[in-house]
Amino acid sequence: MGCPIDIVVNKGAGSCLLTKPMRMKSIIEVASGIVETPITVKVRTGYFEGKNRIDSLISDIGSWGATAVTIHGRSRQQRYSKLADWDYIYQCAGKASDALQVLGNGDVFSYVDWNKHKADCPELSTCMIARGALIKPWIFTELKEQRHWDITSGERLNILKDFARFGLEHWGSDMKGVETTRHFLLEWLSYTCRYVPVGLLDIIPQRLNWRPPSYYGRDDLETLMASDSAADWIRISEMLLGKVPAGFTFAPKHKSNAYERPENG
């Protein structure tokens, strides 16, 4: 119940459900009544900016049959602009019953963020990782080992190699399988380019809302990985999947960042 995308919301789904608590109630009650698996709910703070409402529904969500709720600390109207409102997440967690687990979500990009939210609000069961894992999938290693990992470009390339291998195993290694794998790889690279290596940061850790500056990496591959040009993402894909077909172009599906210049160079 958290998706803010127009095509979903306009059908009465996603974040639109936050405006219809009785429909929320019906969905959660029916779902929890017909399956043995615990039902979890994902929400935003509310539909309209400045009109939060989950704090008034949090006790009901538990009584309707959900076992856990993840709260993204932004309204639907806010999309991904501005920082997540963790104070409001804490407020909701404090109002939840003991039987309902509350997870916080929004802008967690390091073990420092994770530790802070857990320390600030003992009522939180845990924190959810979202875009942070798209930009740096090794964030889970950092959480587990409680460290900032100054990962090398070679180590990052190995992660991309694994992704490409898994894609070919899943979709096949024929032309269609290769290009399907490439499509998903390119979408992912449109996120990974936002990572700034720890060894190049003036302030550690990097924050998720920072717009990465243009910089030269410590080697050519690291510089290439920092590019926000789709032409360079295509170059990286060719290192892993071979040359693209003639006339191939790519533009990222998501619009969470501004891509003002021509997408392919």
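**Burial, cores and salt bridges in a two-domain model**

Colleague: Is E145 buried, partly exposed or exposed, judged by its relative accessible area?

Modeller: In this predicted model, E145 has a relative accessible area of 44%. Because exposed requires over 50% and buried requires under 20%, the value for E145 falls in the class between them, and the residue therefore counts as partly exposed.

Colleague: Which side chain does the side chain of E145 meet in a salt bridge?

Modeller: The partner is also partly exposed, with a relative accessible area of 31%. The two side chains meet with a distance of 2.5 Å from N to O, and the residue that E145 pairs with is R147.

Colleague: E222 forms a salt bridge too, so which residue is its partner?

Modeller: E222 is found in helix α10, which covers residues 220-225, and with a relative accessible area of 1% this residue is buried. Its partner, by contrast, counts as partly exposed at 42% relative accessibility. The closest N and O atoms of the pair are 3.0 Å apart, and the partner of E222 is R218.

Colleague: How many residues are in the largest nonpolar core?

Modeller: In soluble globular proteins, nonpolar side chains tend to be buried together. In this model, the residues with the most contacts inside the largest such core are I54, I61, V69 and I71. Taken as a whole, the number of residues in this core is 34.

Colleague: Which element gives the largest share of this core?

Modeller: Several elements give two or more residues to the core, among them α2 (21-34), β1 (40-44), α3 (54-63) and α4 (86-95). The largest share is six residues, and the element that gives them is α4.

Colleague: How many residues are in the other core, which lies apart from this one?

Modeller: This other core is a separate group, and L186, L224, A230 and I234 are among its members. Its number of residues is 20.

Colleague: What distance separates the centres of domain 1 and domain 2?

Modeller: The protein is divided into domain 1, covering 6-129, and domain 2, covering 153-241. With the centres taken over C-alpha atoms, the distance that separates them is 31 Å.

Colleague: What is the area buried between domain 1 and domain 2?

Modeller: Six residues of domain 1 are in contact with five residues of domain 2. Carbon and sulfur atoms give 68% of the area that is buried between the two domains, and that area is about 560 Å².

Colleague: Which residues of domain 1 lose the most area to domain 2?

Modeller: The residues in question together account for 69% of what the domain 1 side buries. They are L83, D107 and F109.

Colleague: Which residue forms a salt bridge with R131?

Modeller: Side chains of opposite charge can pair when their charged atoms come close. The closest N and O atoms of this pair are 3.6 Å apart, and the partner of R131 is D107.

Colleague: How many residues apart are R131 and D107 along the chain?

Modeller: R131 lies in helix α6 (residues 131-135), whereas D107 lies in the loop between β3 (101-105) and α5 (111-120). R131 is buried, and so is D107. The pair links distant parts of the chain, and the number of residues that sets the two apart is 24.

Colleague: Which residue is linked with D107 and R131 in a network of salt bridges?

Modeller: A search of the whole structure finds 16 salt bridges. D107 and R131 belong to a network of salt bridges, and the residue linked with them there is R74.

Key:
Residues are numbered from 1 along each chain as its sequence is written. This is a predicted model: local features need pLDDT of at least 70, side-chain atom pairs count only at pLDDT 80 or more; totals for chains, interfaces and linings use all residues. Side-chain values use heavy atoms; hydrogens and water are left out. A nonpolar core is a set of buried Ala, Val, Leu, Ile, Met, Phe, Trp, Tyr and Cys residues joined through side-chain atoms within 4.5 Å. Buried means under 20% relative accessible area, exposed over 50%, partly exposed in between (1.4 Å probe, protein chains only). Helices (H or I, at least four residues) and strands (E, at least two) are DSSP runs, numbered from the N terminus. Domain bounds come from an automatic or database domain assignment. Contact means heavy atoms within 4.5 Å. Buried area is the accessible area (1.4 Å probe) that two parts lose on being put together, summed over both. A salt bridge is a side-chain nitrogen of Lys or Arg within 4 Å of a carboxyl oxygen of Asp or Glu.
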